[in-house]
Amino acid sequence: MTPHLLDKGYEPREVEKRWYAYWEEEKLFAGKEKSDRKSFSIVIPPPNVTGVLHMGHALNNVLQDILCRYRRTRGDNVLWMPGTDHAGIATQNVVEKHLASEGKDRHQLGREQFIETVWQWREKYGGAIINQLKRLGASCDWDRERFTMDEGLSRAVRKVFVDLYDQGLIYQGNYIINWCVRCHTALADLEVEHEELDGHLYYILYPFPDGHGGITVATTRPETMLGDTAVAIHPDDERYGDLTAHTVILPLMQKEIPIIQDAYVDASFGTGGLKVTPAHDPNDFEIGRRHDLPVVKVIGDDGFMTAEAGRFTGLERFECRKAVVEALSASGLLQKIENHPHGVGHCYRCGTVVEPNLSKQWFVKAKPLADKAADAVRKGRTKIVPETWENTYFDWLDNIRDWCISRQIWWGHQIPAWTCGECEQITVATATPTVCPECGSRHLVQETDVLDTWFSSALWPFSTMGWPDDTELLKTFYPTSVLITAFDILFFWVARMMMMGIHFMGEAPFEDVYIHAIVRDEEGKKMSKSKGNVIDPLLVMDRYGTDAFRFTLAAFAAQGRDVKMSERRVEGYRHFINKLWNAARFSLMNLGETAPAVPDAPAEGFSLPDRWILSRLRRVMQTEQEALDAYRFNDAASALYQFIWHEFCDWYLEAVKPTLYGEKGEAEKAAALYVLWRTLKDALILLHPFIPFVTEEIWHKLPGTEGSIMTARFPADDPTQPTLRQDPDAEAHMALVMDVITGVRNIRGEMNIAPSVALAATIQSPDDKTRQLLTAHREIIVNLARLSQFEITLPGEHPASAAAAVIEGATIFVSLEGIIDFGKEIERLEKEIGKLQKELKGISKKLSNEDFLDKAPEAVIQKAKDRHESLAEKSQKLQTNLDRIRSLAS
């Protein structure tokens with residue numbers, strides 16, 4: 001094959017593999033620690049080491065890659081910091097399941113051997129997600145890849161923990177936490193997923209000691225009543241104004257508990273009585289602290305009832321619920337049961353119902369950190385895009401609770417705290433202590449809990465760049481330019497990175513935070529395995545190519561609107577990639593071996609199509625620049641699509657073919673070749689951030705290019721090329737020419753006239769300038785509209801047997817005499833309309849059938865409605881054409 005020619009068809013798989021290897025070998029993804037260029041940095045939201053590429057990852061990383069590649073074309077020194085998260089609970093669960101398949105568990109191995117097993121698992125399987133990101137085209141600086149448990153990040157984690165502890169911002173205390181009885185660990189509030197379930201509300205009578213009356217309370221969790229230590233009423237509840245009793249009998253446990261007054265009680269709910277279980281409800285725990293109530297833990301960490309539960313000891317918590325309800329019913333104290341849908345918390349990892357549990361845990365005092373994180377956004381130091389997410393961010397930070405950071409698992413950063421076996425003094429230190437500083441004992445035992453995964457992730461923007469050392473990387477790239485992330489980790493991760501970054505670095509970690517939406521199926525439904533509507537990005541890339549997939553994601557990534565994904569859409573953008581390929585192939589066949597010289601003539605000497613396409617090229621440069629700078633990825637993609645498909649391919653290439661084929665003079669051909677080369681070259685650079693593989697392949701075939709397209713400058717910034725300016729006159733004049741051609745083509749289509757049939761057309765316009773313009777460019781019109789005759793006149797009589805189209809400032813008449821047999825065309829249209837009406841009648845009958853509407857699946861009904869709408873629209877168009885032809889024939 002000639003060196004500068006492209007294959008007939010684009011085969012993405014081989015091209016993608018070859019160019020990604022080239023980019024890595026040439027170190028084109030590397031950020032420079034020292035550079036006089038403007039810095040642009042992004043830290044990747046680190047995927048879990050257990051992860052496999054899904055649609056959320058794909059969208060997130062494609063958007064990041066678009067920005068990084070775009071900023072490189074703008075001349076920036078770009079760092080895209082990659083890495084993976086150790087994902088404590090998730091990874092431990094995966095490895096434990098693997099051990100279980102071999103008949104083992106972690107306790108048999110012991111902590112050290114189990115952790116070694118996890119490291120081995122990570123070594124073997126942990127790179128899968130990284131390879132998949134490379135398949136996506138991610139241009140991360142892979143030589144700097146980090147892991148949240150590598151040596152450097154572990155040092156940062158210890159330092160942060162110790163500093164916060166020394167500053168009084170980390171403490172240990174008893175507290176009601178979310179507890180997973182399956183994972184045997186505490187969960188932060190954000191790690192609890194609430195699901196609306198159909199439950200019950202149980203009304204239980206707590207009798208007064210004298211046997212006369214009592215207070216009825218309502219609860220969804222009757223098993224917890226075994227740990228009640230009071231019944232509370234609101235101090236202003238008039239129903240209890242005359243109450244003389246000070247205690248009630250706790251049912252089934254036969255012991256007196258006090259009646260207390262507390263403003264927390266909702267007097268409007270039920271009878272106004274509230275059972276108080278300090279060990280098993282966070283609000284009750286606070287009431288208990290205010291009233292100095294005893295704390296009785298009746299549900300153990302394993303989900304079974306403790307010895308404090310009396311005769312119910314040893315029962316699993318939900319079995320106990322049944323037993324308690326039966327016992328209450330038998331004793332006559334269960335007054336009624338009502339259906340009661342309510343939100344129930346589940347573990348975000350294993351789906352087990354979460355148990356509020358009293359436990360000694362480690363906490364970060366969050367409020368002082370949260371106030372600064374909120375202030376950074378309020379004062380504009382960090383901007384959240386879209387702005388609509390700011391209120392959600394503020395609401396969470398303004399109402400933040402202390403952050404439980406300890407987890408009762410083995411895989412993770414073990415908390416750097418040691419307890420003395422002699423004097424019980426706790427020592428918190430970055431280095432492992434050998435003696436107790438209080439008593440000198442060497443009997444020190446390290447805390448067995450590990451830190452919440454999000455604790456180390458919160459340090460990601462600065463720990464990955466070498467903190468706590470004052471590195472050149474930090475000086476150059478911190479704070480980062482933008483974080484691109486999904487809304488579901490706005491609190492888990494983004495807010496906490498803001499808290500930690502401001503506290504330890506003195507600056508917010510990001511200038512901007514762009515929150516993208518989620519990828520749903522084409523009907524707008526969330527993707528899930530159970531629904532069977534999951535689209536696998538890896539399979540999509542195999543079928544349609546990575547560039548088509550990337551462009552689809554970008555094209556639908558509108559701010560604040562979820563992406564509706566389907567393979568059909570990706571297939572559509574594969575046609576776009578092929579369109580670009582074919583246009584490039586045609587261009588290269590005409591360009592030759594060397595880049596065309598810049599014509600001596602000024603821009604005004606170019607033909608109208610030349611001037612027009614250069615002006616449109618300048619406009620699309622500006623649109624892309626403005627859109628990407630504002631994170632409007634879909635607007636940039638749409639402008640590029642419109643320019644390549646509809647302007648460059650459909651209009652410009654067709655308009656200049658006669659010139660390229662030698663039907664004009666050499667000067668005109670030289671100008672057209674330069675414009676063709678310049679437009680294709682600049683368009684490839686503009687497209688590269690979105691579709692990097694195909695643009696790199698074409699770039700290396702294009703004469704006059706050097707090295708990788710990744711090193712090319714954004715066209716508007718390139719000092720080696722003549723500056724392009726917008727040419728409003730050329731755009732207006734070409735718009736008129738295109739309107740005329742489109743008008744003729746529409747008539748041809750409506751009248752069912754084959755493209756090969758040459759037509760006679762007349763344009764009537766009262767405007768001298770319009771007539772002069774059309775006369776000057778009649779050759780383009782005759783060529784693209786396929787005309788045998790073309791007249792431009794003042795308004796006069798309408799030509800006989802002519803179809804008309806009205807455009808701004810003129811009317812087009814296309815003669816149909818000798819072109820159409822009106823009688824046969826009327827007969828054809830009547831027959832086609834009849835067929836459509838018959839089918840429409842059948843669908844209408846189906847859609848008015850109640851039995852069909854009740855029993856048919858929703859998708860089937862919608863398909864019928866869509867078909868009805870399509871047929872009705874087609875029938876209407878044919879009827880309009882029929883009426884038009886009848887009027888012409890009369």
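Okay, let's start with the rings: the count of aromatic pairs comes to 36. Before I pick any out, keep in mind that this is a predicted model.

One of those pairs is Phe-114 with Trp-410, which is edge-to-face, with 5.8 Å from centre to centre and 70 degrees between the planes. What I like here is the sequence separation. Phe-114 sits in helix 5, residues 111-125, while Trp-410 is in the loop between strand 17 (406-407) and strand 18 (417-420), so to speak a link between distant parts of the chain, 296 residues apart. And are these two buried or exposed? Phe-114 is buried, at 0% relative accessible area. Trp-410 counts as buried too, at 16%.

Next pair: Phe-556 and Tyr-573. Their ring centres are 6.3 Å apart and the planes make 80 degrees, so this one is edge-to-face. Phe-556 is in the loop between helix 17 (546-555) and strand 25 (563-565), and Tyr-573 is in helix 18, residues 567-591, 17 residues along the chain from its partner. Phe-556 is partly exposed, with 23% relative accessible area, whereas Tyr-573 is buried at 16%. Both belong to a cluster linked by ring pairs, and its members are Phe-551, Phe-556, Tyr-573, Phe-576, Tyr-641, Trp-645 and Phe-690.

Staying with rings, there are a couple of arginines to look at. Arg-378 has its charged end over the ring of Phe-394, 4.1 Å from the centre. Then there's Arg-745, which lies over the face of Trp-651 at 5.0 Å from the ring centre.

Trp-651 takes us to helix packing, since Trp-651 is among the residues of helix 20 that touch helix 19. How do helix 19 and helix 20 pack? Helix 19 is residues 608-629, helix 20 is residues 633-660, and the angle is about 170 degrees with the axes 9 Å apart. Over 145 degrees counts as roughly antiparallel, and that is therefore how these two helices run relative to each other. On the helix 19 side, the contact includes Trp-612, Ile-613, Arg-616, Leu-617 and Val-620. Across from them, helix 20 brings in Phe-643, Phe-648, Tyr-652 and Val-656, among others.

Phe-648 also shows up around Ser-587, which is touched by Phe-648, Leu-653, Leu-676 and Leu-680, leaving aside residues up to four places away in sequence. Ser-587 is in helix 18, and at 0% relative accessibility Ser-587 is buried.

For another helix pair, take helix 1 (residues 12-25) and helix 22 (residues 692-699). They pack at about 80 degrees, again with axes 9 Å apart, and are therefore roughly perpendicular. Helix 1 contributes Val-15, Glu-16, Arg-18, Trp-19, Tyr-20 and Trp-23, which meet Pro-692, Phe-693, Glu-696 and Glu-697 of helix 22.

Now over to helix 24, residues 768-776. Which of its residues are buried? Thr-770, Arg-771, Leu-773 and Leu-774. Looking down the axis, those fall within an arc of 160 degrees, so they line one face of the helix. On the other side, Lys-769, Gln-772 and Ala-776 are exposed. As for what covers the buried residues, that includes helix 23 (728-750), strand 26 (759-764), helix 25 (778-785) and strand 27 (787-793).

Helix 25 is where you find Val-782. Val-782 is partly exposed, at 25% relative accessible area, and touches Leu-787 and Phe-790, not counting residues up to four places away in sequence. From Val-782 to Ala-761 is 21 residues in sequence and 9.2 Å in space, C-alpha to C-alpha.

Last topic, backbone oddities. Most residues other than glycine have a negative phi, and most peptide bonds are trans. Here are some exceptions. Val-385 and Pro-386 are joined by a cis peptide bond, omega about -5 degrees, with Pro-386 in the loop between strand 15 (383-385) and helix 11 (389-398). Trp-467 and Pro-468 are also joined by a cis bond, with omega about 20 degrees, and Pro-468 is in the loop between helix 13 (460-463) and helix 14 (472-477).

On the phi side, Leu-252 is at about 70 degrees, positive although not a glycine. Leu-252 is in the loop between strand 10 (247-250) and strand 11 (255-261) and is buried at 12%. Asp-292 has a positive phi of about 55 degrees. Asp-292 is in the loop between helix 8 (282-291) and helix 9 (317-331), but is exposed, at 70%.

How values were computed. Residues are numbered from 1 along each chain as its sequence is written. This is a predicted model: local features need pLDDT of at least 70, side-chain atom pairs count only at pLDDT 80 or more; totals for chains, interfaces and linings use all residues. Side-chain values use heavy atoms; hydrogens and water are left out. Buried means under 20% relative accessible area, exposed over 50%, partly exposed in between (1.4 Å probe, protein chains only). Helices (H or I, at least four residues) and strands (E, at least two) are DSSP runs, numbered from the N terminus. The arc is that of the directions from the helix axis to the C-beta atoms. Contact means heavy atoms within 4.5 Å. Rings of Phe, Tyr and Trp (its six-membered ring) pair if their centres lie within 6.5 Å; planes under 30 degrees apart count as stacked, over 60 as edge-to-face and the rest as tilted. A charge sits over a ring if NZ of Lys or CZ of Arg is within 6 Å of the ring centre and within 35 degrees of the ring normal. Axes are lines fitted to C-alpha atoms, for helices over the stretch in contact, and angles run from 0 to 180 degrees between N-to-C directions. Angles under 35 degrees count as roughly parallel, over 145 as roughly antiparallel, 65 to 115 as roughly perpendicular and the rest as oblique.
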